[in-house]
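Thanks for coming. I will go through one structure this morning, region by region, and you can follow along on the screen.

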Amino acid sequence: MEKTIVIYDSDSMYAIRFMEYVKRRGLDFDVLVFTKEESFAEYIGLHPIEILLLGEMLSVKEEQLENISHLYILSEQPLEAEEQGNQRIFKYQSAEAILTKILTDYTKKEKVSGYNSEKNDRKVISVVSFPPGRNKLSFSWSLAYLLSERRKVLFIPMELLPIPFLTLTASSDSNLSEFIYYLKDNNSNVIDQMNPLLCCVDRLSYLSGLSHGLDLLSVTKEDIRRWLVDIRNSTDYETVVFYLGCYSEAAVEIISQSDKVLVAMEENGEDAERIKELDRQLQLLHIPTGPDRFQKLLVPDPGWEGRAITMQELKNSESWLCAMPYADHL
């Protein structure tokens, strides 16, 4: 059954424009608009609603609530606090910001109530980028997003000097650094500490944000082993995608523990030489680099230097097209 996002608001121009934006995003939802009580009541009497965006001046009846999975109030004032169990969202901000907030909350709630996968079904995928590059990062975001359309995915970009990439990613401040603090505390429950720090782009969860790049370098292979054991034992994620933009003890351990390693390369001799040296060093550490686990790929340059991009730009890019066949087979 198709899931629905319903906008029920007396301002028809606002509701229609918001519906058009959501449809352009190409989400896995039907999107409907209602402005009259009679037509809304007729629809909800016959159909369940996954997500309802309700104008603040309107209301739903108690018996109608049983047919609504997630209810969000479009507030006339810039309020963020929850009232009576309903998430309130300021109506007069960008549609992009509203949708990001809704889907972040929706995805987190899905994890609490939803899918349980078999432990053996869970995968760890690494995208190796030595040195890091915006084209390699765009491939990684594309791959993680495409995978999230069919399974529960956690994306973890690990760069020493990260810069803004997607305009609609929620501000994560120093969430990854904060998580590293808990990761190094052996008394902490890793997953319980990590989940509140996650942000979402549509159905893709991600963990990013450093106060200092040296925080990444402080992570040891023992930290990574503990983290990955807990991730594999968790029912929250089917696939974890790491973007490795730095070479460190932690990165090597992630490579060692990954089910699949994609080595992103540019069309230049320096990248090829670096990958040869990576192969040599991994073999010294007795980490297998055979074609069953390791795959080298050339990534296109989308030409986005110096600016953050929108999700629509990413979906229309060569990076997206490059990632599609890998997402289909991973």
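The second largest pocket holds about 230 Å³ of space. This is a predicted model, so keep that in mind throughout. Of the 13 residues lining that pocket, L27, D28, F29, E149 and R203 are the closest to its centre. By class, the lining has five nonpolar, two polar and six charged residues.

R203 brings me to its neighbour in the sequence, D202. The place of D202 is the loop between strand 8, residues 199-201, and strand 9, residues 204-206. Its phi is near 55 degrees, a positive value in a residue other than glycine. Most residues other than glycine have a negative phi, and most peptide bonds are trans. On the second of those points, look at F130 and P131: a cis peptide bond joins them, with omega about 0 degrees. P131 is in the loop between strand 6 and helix 5, the latter being residues 134-148.

Now the sheets. One is an open sheet of five strands with parallel pairing, in the order 2-1-3-4-5. Strand 2, residues 30-34, and strand 5, residues 87-90, stand at the edges with a single partner strand each, so one side of each has no neighbour in the sheet. On average, neighbouring strands here are turned by 25 degrees against each other, ignoring direction. As an example of the pairing, strand 4, residues 68-75, runs parallel to strand 5, and the two share four bridges. Within that pair, L74 stands opposite I89 of strand 5.

Which helices pack on this sheet? Helix 2, residues 37-44, is one of them, touching strand 1, strand 2, strand 3 and strand 4, and its direction makes about 160 degrees with that of strand 1. Helix 1, residues 12-24, lies across strand 1, strand 2, strand 3 and strand 4 as well, running at about 175 degrees to strand 2.

The other sheet I want to show is also open. Seven strands form it, in the order 8-9-7-10-6-11-12, and here the pairing is mixed. Strand 8 and strand 12, the latter at residues 294-298, are the edge strands, each pairing on one side only. The average turn between neighbouring strands of this sheet is 25 degrees, direction ignored. Inside the sheet, strand 7, residues 153-158, and strand 10 run parallel and are joined by six bridges. F155 has V241 in strand 10 as its bridge partner. Helix 9 packs on this sheet, where it touches strand 6, strand 7 and strand 10, and its direction is at about 150 degrees to that of strand 10.

Helix 9 also packs with helix 6, residues 175-183, at an angle of about 95 degrees, and their axes are 11 Å apart. The two helices are therefore roughly perpendicular to each other. Helix 6 contributes F179, Y182 and L183 to the contact, and helix 9 contributes D223, R226 and W227. That makes four nonpolar, no polar and two charged residues.

Last, the enclosed space. How many cavities of 30 Å³ or more does a search of the whole structure find? The search finds two. The second largest cavity has about 40 Å³ of space. Strand 6, residues 123-128, helix 9, residues 221-233, and strand 10, residues 239-244, each supply at least two residues of its lining. The lining consists of R122, K123, V124, I231, R232, Y237, E238, T239 and V240. Sorted by class, these are four nonpolar, one polar and four charged.

Technical notes:
Residues numbered from 1 in each chain as written. Predicted model: local features only at pLDDT ≥ 70, side-chain atom pairs only at ≥ 80, totals over all residues. Heavy atoms only, no water. 1 Å grid on protein atoms, 1.4 Å probe; cavity = no way out; pocket = protein on both sides within 12 Å on 5 of 7 lines; lining within 4 Å. Points joined across faces, edges and corners; volume = space filled by probe spheres on them. Nonpolar A, V, L, I, M, F, W, Y, C, P; charged D, E, K, R; others polar. Pairing = 2+ DSSP bridges. Axes fitted to C-alpha atoms, helices over the stretch in contact; angles between N-to-C directions. Contact = heavy atoms within 4.5 Å. Parallel < 35°, antiparallel > 145°, perpendicular 65-115°, else oblique.
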